[in-house]
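Please open the structure in a viewer and keep the selection panel at hand. The tour proceeds by selections, each followed by an account of what is found there.

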Amino acid sequence: MSYSLPGPKAEAILQRGNAVFRSGGNYQKRVAAAVQAGKSQRPPQTIFAKAEGDFLYDVDGNRYVDFQNGWASNPCGNANPEVIEAVYAAMKQYGFCYEHPLRYELAEKLLPMTPYGHHTRLNYEVSGTEAAEAAIHMALCARKARFIISFDKCFHGMGMGTKLVSGYSSESTRYMEAWKGGVLKAPFPSAYDAPADMDIEQYVDYCLWHLETRIPSYDVPADLIAGVIIEPGLAEGGNWLPPKRFMQGVKRICEKFGWLFICDEVLTGLGRTGKTWGIEHFDIKPDILVIGKNITGGIEPIAVVTATEEVLGDNTYSSSGSTYAGTPAGCAAALKTLEIYERDQVVAQAAHLAEVAAKRMALWPEMFAIVGEVRNLGMLMSAHIVDPNTGEASVNWGMSVGDEALRRGAFVVNDHENTIRLYPSLTMREETLLEGLGLIEEAIRHVEQQGPLGQDDDVYYPHYYTGFTGY
Ligand SMILES: Cc1ncc(COP(=O)(O)O)c(C=O)c1O
């Protein structure tokens, strides 16, 4: 079974994007590139008409198993009716007024749940971006220092500050380079980046040496650095999972110099990795925690920064939290989501599903020449797609797998990279998970046999940020 995408209704909507979105619609550019490359098939794309539970339905009536999950934001399935009801009730009661009791209720509920329960204070924000930026300012003010360290491949958001801190690629901050004054970048040990002849253990040593010795010796004295910001799994950067020895080394260096350890759990938090917090896999007590995505229940935006008494007990100079931070509806969504987590043991469900998926996906590198490796931490799951002729990561082959999966009815995260990432809801039915993985296997097999859809990475899949429906 393979859908012909885009269907006529989706195509008509996609056309409209050309006139109204920044630089026009990306879809038409991909079509033009396909024609130029002499391809008979159009790149698939669609527009969704309905999201329900573990599925999405497009405007042409096709059904998809949802591995994209509102960009990993719907822990208990799409359009969760209980969360919607709670949000609706809060909206009816409070509309949007700033001072309301749900802020207090959520704070009291959430703080004891933070890793090791040692965070005593928090601030509400609207998005993960805003929360990551707030966390950095809090750290700078707590330490009275002007520099922050972040890592290659990391992603912390799309605001001005977070773009500068993120490490996607030099392209993502084109013409903003000079604004990076306070950001120090450190290498992140993924085996695929290791310089020639270095094995991963040697590369971990090198990365830690860079952090502990090179930066303070040659860039900025240690006492002027406020801390590091790091993800327990570099999700958006390509699902790179840090070795435990590296994470513990980073923490040791932070303690040595008095740097704050800011843990960005926007994507990994609240069960995504099979534990409540990703950082629990590394036995590390973070000083500051950044929370987003899952806590919204997938319905109403809210994000949070939590921290120790030392950091936020008296943090006079930092300020954050814009107009819509901590709305009644956002707090109600979070409270209901946490209630469902407790009642339905959502994190345990995620851990079980992760085991089922890991068992199945572990076979992929043996089964398929184009799967270089599988990188899973709980339900933070991915397959690293390579060109079988070179063994090198290939955007062209990777995006072809994403495209073929879509044609077969599995929607994966694969916006600009060789890796296909799978972030299903944490409560997906086991049979749906297996059905979806089966569809992805068919897609991989098809691409392996037929070759990639494009000709080379730059022509067919231009290197600009597309998102899925891409503007
Ligand atoms: C680790 C991390 N931090 C921050 C963000 C930004 O969150 P938002 O898109 O809600 O602003 C993201 C988004 O994907 C993320 O993955």
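The stops below cover a helix, a neighbouring lysine, the ligand site, a loop asparagine and a residue of another helix. The model is predicted.

**Helix α4**

Select residues 81–94, which form helix α4. At 1.5 Å a residue, these 14 residues should span 20 Å, and the end C-alpha atoms are indeed 20 Å apart, in agreement with that expectation.

Which residues of α4 are buried? Colour Val83, Ala86, Val87, Ala90 and Tyr94 to see them. Viewed down the axis of α4, these buried residues fall within an arc of 95°, so they line one face of the helix. Add α5 (102–110) and α11 (328–344) to the display: the buried residues of α4 pack against both of these helices.

Now turn to the other side of α4, where Pro81, Glu85, Tyr88 and Lys92 are exposed.

Both ends of the helix deserve a selection. At the start of α4, pick Asn80: one of its side-chain oxygens comes to within 3.0 Å of the backbone nitrogen of Glu82. After α4 comes Gly95, which has a positive phi, near 55°.

**Lys109 in α5**

Remain with α5 and select Lys109, which is found in that helix. Is Lys109 buried, partly exposed or exposed? Its relative accessible area is 28%, so Lys109 counts as partly exposed, the class between the 20% and 50% limits.

Next, display Leu335, Leu338 and Glu342, with which Lys109 is in contact when neighbours within four places in sequence are left aside. The C-alpha atoms of Lys109 and Leu335 are separated by 7.9 Å, although the two residues are 226 residues apart along the chain. With Glu342, the contact is polar and runs from side chain to side chain, at 2.9 Å.

**The ligand site**

Select the ligand and expand the selection to its surroundings. The residues around the ligand include Ser127, Phe155, His156, Gly157, Glu231, Glu236, Val266, Leu267 and Lys293. Gly128, Thr129 and Asp264 also belong to these surroundings, and each of the three can be followed by a distance.

- Gly128: a polar backbone atom lies 3.0 Å from an oxygen atom of the ligand.
- Thr129: a polar side-chain atom is 2.5 Å from an oxygen atom of the ligand.
- Asp264: a polar side-chain atom is 2.7 Å from a nitrogen atom of the ligand.

Of the 390 Å² that the ligand exposes when taken alone, the protein buries 83%.

**Asn414 in a loop**

Move to Asn414, in the loop between β13 (410–411) and β14 (419–422). Asn414 has a relative accessible area of 12% and is therefore buried, the cut-off being 20%.

Which backbone oxygens does the side chain of Asn414 reach? One belongs to Glu417, at 3.1 Å, and another to Thr419, at 3.3 Å. Show Gly398, Met399, Gly402, Thr419 and Ile420 as well: Asn414 touches these residues, not counting those up to four places away in sequence.

**Val20 in α1**

Finally, select Val20 in helix α1 (residues 8–20). Val20 is exposed, because its relative accessible area of 61% is over 50%. To close, draw a C-alpha to C-alpha distance from Val20 to Leu241: the two are 38 Å apart in space and 221 residues apart in sequence.

Methods
Residues numbered from 1 in each chain as written. Predicted model: local features only at pLDDT ≥ 70, side-chain atom pairs only at ≥ 80, totals over all residues. Heavy atoms only, no water. Helix = DSSP H or I, 4+ residues; strand = E, 2+ residues; numbered from the N terminus. Expected span 1.5 Å × (residues − 1). Buried < 20%, exposed > 50% of the residue type's maximum accessible area, 1.4 Å probe, protein only. Arc of directions from axis to C-beta. Contact = heavy atoms within 4.5 Å. Polar contact = N/O pair within 3.5 Å; in protein donor to acceptor, adjacent residues only side chain to side chain. Near = heavy atom within 4 Å. Areas by Shrake-Rupley, 256 points an atom, 1.4 Å probe, with all protein chains shown as cover.
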